[in-house]
Amino acid sequence: IVPRKTPLFQCARSNLEKICHTVFIQRRKILRTTLKPLFASNTEKILSDLGIDPIQRAETLNIEQFCQLANLLEAPIE
């Protein structure tokens with residue numbers, strides 16, 4: 001396998017690792033529950049704004065959605 005010269009989606013690797021670790025640390029939990037420590041009370045709104053159903057599970061997300069969540073960790077959360 002040859003790595004891509006440019007990634008498909010841009011995001012900070014450390015934030016992507018943090019998101020992936022958080023959502024996969026507990027088995028079969030829904031996203032709004034697992035992401036609450038990272039996004040506080042705005043979790044459902046953030047997921048809805050990205051077009052992600054808050055009751056989805058992590059294994060149903062695609063790479064772009066993980067990168068979008070990782071990019072939100074860099075932005076100030078209100």
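# Reading the predicted model: questions and answers

Q: Where in the chain is R28 placed?
A: This model is predicted. Helix 2 covers residues 31–34, and R28 comes before it, in a loop that has helix 1 on its other side. The place of R28 is therefore given by the two elements that the loop joins: helix 1 and helix 2.

Q: What is the phi of R28, a residue that is not a glycine?
A: Most residues other than glycine have a negative phi. R28 is not a glycine, yet its phi is positive. The value is about 55°.

Q: Is R28 buried or exposed?
A: The cut-off for the exposed class is over 50% relative accessible area. R28 has a relative accessibility of 56%, and therefore it counts as exposed.  The class of R28 is thus exposed.

Q: Which residue offers its backbone oxygen to the side chain of T22?
A: T22 belongs to helix 1, which runs over residues 13–24. Because its relative accessibility is 16%, T22 counts as buried. A polar atom of its side chain lies 2.7 Å from the backbone oxygen of K18.

Q: Leaving aside neighbours within four places in sequence, which residues are in contact with T22?
A: A contact requires heavy atoms within 4.5 Å. With the neighbours within four places in sequence set aside, the contacts of T22 are T34 and L38.

Q: How far is the backbone oxygen of A70 from a polar atom of the N15 side chain?
A: N15 is placed in helix 1. With a relative accessible area of 13%, N15 is buried. The separation between the backbone oxygen of A70 and a polar atom of the N15 side chain is 3.3 Å.

Q: How is the aromatic pair of F24 and F66 classed?
A: The structure holds one aromatic pair. Its rings, those of F24 and F66, are 6.0 Å apart from centre to centre, with 35° between the planes. Planes under 30 degrees apart count as stacked and those over 60 as edge-to-face. The pair is classed as tilted.

Q: How many residues apart are F24 and F66?
A: F24 sits in helix 1, whereas F66 sits in helix 5, residues 63–74. The pair links distant parts of the chain, and its two members are separated by 42 residues.

Q: Which helix gives the largest share of the largest nonpolar core?
A: The core has 14 residues, and those that touch the most other members are I19, L31, L35, F39 and L69. Two or more residues come from each of helix 1, helix 3, helix 4 and helix 5. The largest share, three residues, comes from helix 5.

Q: What is the volume of the largest pocket?
A: Its lining consists of P7, L8, F9, Q10, C11, R13, L16, I63 and C67. Helix 1 and helix 5 are the elements that give two or more residues to this lining. The volume of the pocket is about 170 Å³.

Q: What distance separates the C-alpha atoms of Q10 and Q68?
A: Q10 is placed in the segment before helix 1. Not counting residues up to four places away in sequence, Q10 touches C67 and N71. Q10 and Q68 are 58 residues apart along the chain, and their C-alpha atoms are separated by 8.7 Å.

Conventions: Residues are numbered from 1 along each chain as its sequence is written. This is a predicted model: local features need pLDDT of at least 70, side-chain atom pairs count only at pLDDT 80 or more; totals for chains, interfaces and linings use all residues. Side-chain values use heavy atoms; hydrogens and water are left out. Helices (H or I, at least four residues) and strands (E, at least two) are DSSP runs, numbered from the N terminus. Buried means under 20% relative accessible area, exposed over 50%, partly exposed in between (1.4 Å probe, protein chains only). A polar contact is a pair of N or O atoms within 3.5 Å; within protein, one must be able to donate a hydrogen and the other to accept it, and residues adjacent in sequence count only if both atoms are side-chain atoms. Rings of Phe, Tyr and Trp (its six-membered ring) pair if their centres lie within 6.5 Å; planes under 30 degrees apart count as stacked, over 60 as edge-to-face and the rest as tilted. A nonpolar core is a set of buried Ala, Val, Leu, Ile, Met, Phe, Trp, Tyr and Cys residues joined through side-chain atoms within 4.5 Å. On a 1 Å grid over the protein atoms alone, a cavity is a set of points where a 1.4 Å probe fits but cannot get out, and a pocket is an open set with protein on both sides within 12 Å along at least five of seven lines; lining residues have an atom within 4 Å of a point. Grid points are joined across faces, edges and corners, and a volume is the space filled by probe spheres set on the points.
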